[in-house]
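Biologist: I am new to this structure and would like a close look at a single part of it, taken slowly. Please begin with one residue, work outward to what surrounds it, and explain each term as you go.

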Amino acid sequence: MTATISYAYAIARDSDGSLEKALSGLPGVAEAPVHLVRVEHSDDVVVAVSPVPERDFQEAALRAHLEDLDWLESVARAHHRVIEALAARTAVLPLRLATVYLDDERVRLMLRARHGTFAGRLSDLAAQVEWGVKIYVEAAAETERPAGPPADAGLSPGRAYLRQRRAQRHAREDAYRDAEQAAERVEAAARAYAVDRVQHRPQQGELARGPGENVINDAYLVPLQHAEDFRADAMQAAEGLPGARVEVTGPWAPYSFATLAEAEPLKRATP
């Protein structure tokens, strides 16, 4: 028989007692069924958990798994699926990927110890969603390309090269100005609609999808009644600015605003 531990997805408010039914049939990590842990039967602050194989989440095994992109993607998809199912119905505090406890009783003890903090934060984030906004400098990749043959046959190769490099530098500077102006437009939309912002590090390498250089990677917390207005304004921020591209994602559960370090297990769940 495979030993299991408890994988915790998120803390949520179950005001009308409907979350168990909403999660019924939804597969969690390792395809396991998801259930709720609460301190008292009548309490509405709950933790969504499911059993996972202990061998996969012990410290050494977990380090190895984090290098396995297929395993990591499978866990991330299940983690996100459960949180989104909760967020569609109630206020949610997402927990970090691979937050595990020895068993449900340890989850209950954590919830009892920090119940007041969680309840307050759930109230703060009720009826609010997160939008992700990334801004890219579109011309950056092109300006890094090697210079081609001289465009003007009347110039010497040296002068033609210098002219081309100067044109590339100007194009790059123009693109950064466009991106800066797009960022100002997004900030104007944020002042009108958002209540909080988190600035993440711009993405590079494999994390940076699509063309261009990611220069802004922010998350905005927006009241639900203004969510579509903010998205529409952010989507239009790059209009007329050929050197900039704006990508808006969401609405998400408030991953960037949960600030739940206190929900981490006091000790990694190893037997």
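Modeller: A98 is buried, with a relative accessible area of 10%, where buried means under 20% relative accessible area, exposed means over 50%, and partly exposed covers what falls in between, using a 1.4 Å probe and protein chains only. What you see is a predicted model, in which local features need pLDDT of at least 70 and side-chain atom pairs count only at pLDDT 80 or more, whereas totals for chains, interfaces and linings use all residues. Residues are numbered from 1 along each chain as its sequence is written, and side-chain values use heavy atoms, with hydrogens and water left out.

A98 sits in the loop between β4 and β5; helices (H or I, at least four residues) and strands (E, at least two) are DSSP runs, numbered from the N terminus. Its phi is near 65°, which is a positive value in a residue other than glycine. Most residues other than glycine have a negative phi, and most peptide bonds are trans.

From that loop we can turn to β5 (100-101), which is among the elements that cover the buried residues of helix α5. Helix α5 spans residues 104-113, and its buried residues are V107, M110 and L111. These three cover an arc of only 95° around the axis, which puts them on the same side of α5, the arc being that of the directions from the helix axis to the C-beta atoms. Besides β5, the cover over this side includes β1 (4-13), β2 (35-38), β3 (45-53) and α6 (115-125).

Helix α6 repeats the pattern with its own set of residues, since F118, A119, L122 and L125 are buried there. Seen down the axis of α6, the buried residues fall within an arc of 135°, so they line one face of the helix. What covers them includes β1, β3, β4 (92-94), α5, β6 (128-137) and β8, so α5 and α6 each appear in the cover of the other's buried residues. G116, also placed in α6, is exposed, with a relative accessible area of 55%. The C-alpha atoms of G116 and V45 are separated by 9.6 Å, although the two residues are 71 residues apart along the chain. After α6 comes A127, whose phi is positive, near 60°.

Strand β8, which we met as part of the cover over α6, runs over residues 213-223 and holds D218. At 5% relative accessibility, D218 counts as buried. Leaving aside neighbours within four places in sequence, D218 is in contact (heavy atoms within 4.5 Å) with W131, G132, V133, R197, V198, Q199 and H200. Y220 lies in strand β8 too, and Y220 is buried, with a relative accessible area of 3%. Not counting residues up to four places away in sequence, Y220 touches a list of residues that includes V129, W131, V133, V186, A190, F230 and F257. Y220 and Q128 are 92 residues apart in sequence, yet 10.0 Å apart in space, C-alpha to C-alpha.

Among the partners of Y220, V186 and A190 belong to helix α8 and F230 to helix α9, and these residues also take part in the meeting of the two helices. There, V186, A189, A190 and Y193 in α8 meet D229, F230 and D233 in α9. By class, this contact has five nonpolar, no polar and two charged residues; Ala, Val, Leu, Ile, Met, Phe, Trp, Tyr, Cys and Pro count as nonpolar, Asp, Glu, Lys and Arg as charged, and the others, Gly among them, as polar. The axes of α8 (residues 157-193) and α9 (residues 227-235) come within 9 Å and cross at roughly 170°.

Two backbone details and one overall value complete the view. E31, in the loop between α1 (19-23) and β2, has a positive phi near 65°, and E31 is exposed, with a relative accessible area of 60%. The peptide bond from G250 to P251 is cis, with omega near 0°, and P251 is placed in strand β9 (residues 244-252). Buried residues make up 42% of the 271 residues in the protein.

Note on methods:
Axes fitted to C-alpha atoms, helices over the stretch in contact; angles between N-to-C directions.
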